[in-house]
Amino acid sequence: MTISSGKLRAFASSVLYNVGPIVAVLLLWELSVRSGLIRAFFLPPVSDVLVQLWESITSGQLPAAFLVTTKRMLIGYIIGAGSAIVFGLLIGIFRPLRNFFYPIVAAVYPLPKIAMLSIFIVVFGVGDPPIIASVAISSFFPVLLNTLTGLRSIDPILIKAAEDLGANRFQVTTKVVLPGSLPMIFTGLRQSSAVALIVVVAVEMYIGQSGVGYLLSWATEFFKINLLYANLFAIGIFGILVFRLVDFIEYIALPWARER
Amino acid sequence: MRISVSNVDKRFSVRGREVNALNKASLEVRDAEFLTLLGPSGCGKSTLLQIIAGLEPATGGKVSFEGRRTASGPVTTMVWQRYALFPWRTIKHNVAFGCEMRGMPRGERMARAQHFIENVGLIGFEEAFPHELSGGMQQRVALARALCNDPEILLMDEPLAALDAQTRTVMQVELLRIWDQYKKTVVYVTHSIDEAVLLGDRIAIMSARPGRIKEVIPVTLPRPRTLDMLTTPEFHKLADHAWNSIKEEFDVAYGASKEGQSQ
């Protein structure tokens with residue numbers, strides 16, 4: 001197999017376009033600190049941050065923290081997003097349920113879910129449960145609302161066509177309404193994954209005894225500026241990986257919705 | 001199978017305003033006949049078709065079917081102007097949809113779907129998704145899906161209206177070829193006079209709203225029909241006849257809308 005020079009050039013230029021600006025900013029950062037333009041007290045040289053990042057990784061501190069954080073985030077996300085899909089489908093499909101629950105959802109939705117943390121601390125005490133509960137409730141609403149939108153956004157002609165071809169009500173639901181609302185459900189899942197990451201880090205900073213959020217607040221408290229920036233770098237990279245993972249799952253799950 | 005439409009009324013309200021879509025529409029469709037339903041836009045052609053399909057209830061009147069040829073299978077199946085293919089299903093699973101809903105075993109329905117995919121000239125596209133196909137190809141899929149469902153009657157709602165002129169002509173020829181094989185009863189809604197004459201055994205002309213069947217014109221052209229017939233004097237005579245009948249209704253419809261504006 002040979003790779004044509006055109007493809008190689010296209011790949012090289014896409015790398016250049018994507019990585020180039022980032023490298024430029026990092027270089028500017030390094031130079032402005034090294035030259036004394038910005039005080040290293042607030043902004044350590046990027047090379048120091050990278051050294052610290054490497055040490056945090058090899059010492060096992062950062063991997064251990066991410067393991068804890070990922071576990072909390074994943075459990076909360078699965079509980080929140082999973083129940084939102086089930087609940088959304090139920091109230092979206094059965095009109096009486098919808099009539100009853102929709103005003104409640106609309107009333108609760110604007111409440112900043114992070115405020116619920118106080119209740120979770122009262123109910124669950126310390127440890128993982130209040131963190132997981134915060135992630136779960138924050139992941140719940142974006143998925144719920146997008147699921148409901150997805151159910152409503154199905155082209156009515158597809159439902160008519162299915163009925164005309166002999167589908168009964170149950171089949172219309174499982175073979176048309178459900179697959180048709182999947183793209184919107186995935187939109188909700190993508191939004192929720194971003195919210196889940198924000199919430200897990202924020203709650204860990206506030207009440208955590210472990211995890212990346214805790215590591216961040218610890219570094220702040222003891223003014224370990226290199227560690228602080230190294231943790232931010234790590235969280236940023238972790239965030240990118242999370243979004244890419246959701247995109248990848250959607251790519252595999254919805255082959256018909258690719259590149260439309 | 002014959003269709004008998006007698007005195008069908010349809011009224012519905014749009015934003016609190018009562019719309020009288022059909023008023024005592026009556027029509028007899030013969031067995032194995034290709035009937036084209038022609039009328040000015042907004043006259044209720046599609047509404048009548050959906051009432052025949054059982055997808056819309058009539059406000060009054062009755063639609064009945066007589067002379068079933070086969071014991072199983074649906075009475076009618078629609079082919080829609082906007083294709084109405086399921087975007088998440090590959091072509092072969094779109095075509096097999098009706099059979100799947102009726103519980104036909106997988107092997108049997110896939111073989112059946114394959115037969116119709118081949119018949120409409122889409123070999124090699126079985127695994128494609130609808131959005132990967134052109135409009136003309138999508139309508140071929142929709143036709144295969146309807147035929148695979150094995151209805152007694154095909155109801156077609158301006159199936160070629162969304163296609164460009166050349167593709168439409170190609171599809172008209174295809175439709176004639178395929179119809180010739182299965183000889184199903186067809187009710188074909190169109191707003192194109194040439195299409196109504198070229199395809200139909202008879203042309204039913206609808207009045208402006210509230211729609212009723214104003215006139216039925218027998219198409220005396222021999223079968224099989226070919227595109228050469230478009231230039232024959234016989235074709236022009238029929239098209240003129242249809243056009244004059246329709247023109248009166250356009251005048252009525254235009255007058256009515258002008259009246260509406262001045263209100």
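This is a short dialogue on how to read some features of a predicted model with chains A and B.

Q: Let's start with the big picture. How many helices and strands are there in chain A?
A: Happy to begin there. Chain A has 10 helices and zero strands. If you walk along its sequence, the pattern reads α-α-α-α-α-α-α-α-α-α.

Q: What does the radius of gyration say about chain A?
A: You set the value beside what the globule rule gives for a chain of that length. For the 260 residues of chain A the rule gives 18 Å, but the radius of gyration is 23 Å, well over that, so chain A is more spread out than a compact globule. Its C-alpha atoms fill a box of roughly 75 × 60 × 30 Å along the principal axes.

Q: And what does the radius of gyration say about chain B?
A: Chain B has 263 residues and a radius of gyration of 19 Å, which agrees with the value near 18 Å for a compact globule. Here the C-alpha box is roughly 60 × 45 × 40 Å, again taken along the principal axes. Chain B contains eight helices and nine strands.

Q: Which strands form the open sheet in chain B, and in what order?
A: First, the general idea. Strands of a sheet pair through backbone hydrogen bonds, and the pairing is either parallel or antiparallel. In chain B, three strands make an open sheet in the order β2-β1-β4, with antiparallel pairing. The edge strands are β2 (17-29) and β4 (60-66), each of which pairs on one side only. From one strand to the next, the twist averages 20 degrees.

Q: How many bridges join β1(B) to β2(B)?
A: Nine bridges join these two antiparallel strands. To follow the pairing by eye, look for residues that stand opposite each other: Val5(B) faces Leu27(B) in β2(B), and Lys10(B) stands opposite Leu22(B) in β2(B). The two strands form a hairpin with two residues between them. Arg15(B), in the turn, has a positive phi of about 50 degrees.

Q: How many bridges pair strand β1 of chain B with β4(B)?
A: Strand β1 (residues 2-14) and β4(B) pair over six bridges, in the antiparallel sense. In this pairing, Ser6(B) stands opposite Lys62(B), and Arg2(B) stands opposite Glu66(B).

Q: Which residue forms a salt bridge with Glu66(B)?
A: The general idea is simple: side chains of opposite charge can pair when their charged atoms come close. Glu66(B) forms a salt bridge with Arg2(B), and their closest N and O atoms are 3.6 Å apart. Glu66(B) is in strand β4 and Arg2(B) in strand β1 of chain B, so the pair ties together parts that are 64 residues apart in sequence. Over all chains, a search of the whole structure finds 24 salt bridges.

Q: Which helix packs on the sheet of chain B?
A: That is helix α1 (residues 45-52) of chain B, which touches β1, β2 and β4 of chain B. The direction of helix α1 makes about 120 degrees with that of β1(B).

Q: Now for backbone angles. Where is Ala32(B), and what is its phi?
A: Most residues other than glycine have a negative phi, and most peptide bonds are trans. Ala32(B) has a positive phi of about 60 degrees although it is not a glycine. You will find Ala32(B) in the loop between β2 and β3 (34-38) of chain B.

Q: Which residues does a cis peptide bond join?
A: One cis peptide bond joins Arg209(B) and Pro210(B), with omega about -5 degrees. Pro210(B) sits in the loop between β8 (202-206) and β9 (213-218) of chain B. Another joins Arg223(B) and Pro224(B), where omega is about -5 degrees. Pro224(B) is in the loop between β9 and α8 (233-262) of chain B.

Q: Back to chain A, which residues form a nonpolar patch on the surface?
A: Look for Leu245(A), Phe248(A), Ile249(A), Tyr251(A) and Ile252(A). Together they have about 520 Å² of accessible area. To find the patch, start from Leu245(A), which lies in helix α10 (residues 225-253) of chain A.

Methods: Residues numbered from 1 in each chain as written. Chains lettered and ligands numbered in written order. Predicted model: local features only at pLDDT ≥ 70, side-chain atom pairs only at ≥ 80, totals over all residues. Heavy atoms only, no water. Patch = residues over 30% accessible without salt bridge, like charges linked within 9 Å, V, L, I, M, F, W, Y side chains within 5 Å. Areas by Shrake-Rupley, 256 points an atom, 1.4 Å probe, with all protein chains shown as cover. Salt bridge = Lys/Arg side-chain N within 4 Å of Asp/Glu carboxyl O. Helix = DSSP H or I, 4+ residues; strand = E, 2+ residues; numbered from the N terminus. Pairing = 2+ DSSP bridges. Axes fitted to C-alpha atoms, helices over the stretch in contact; angles between N-to-C directions. Contact = heavy atoms within 4.5 Å. Rg over C-alpha atoms; globule rule 2.2 N^0.38 Å.
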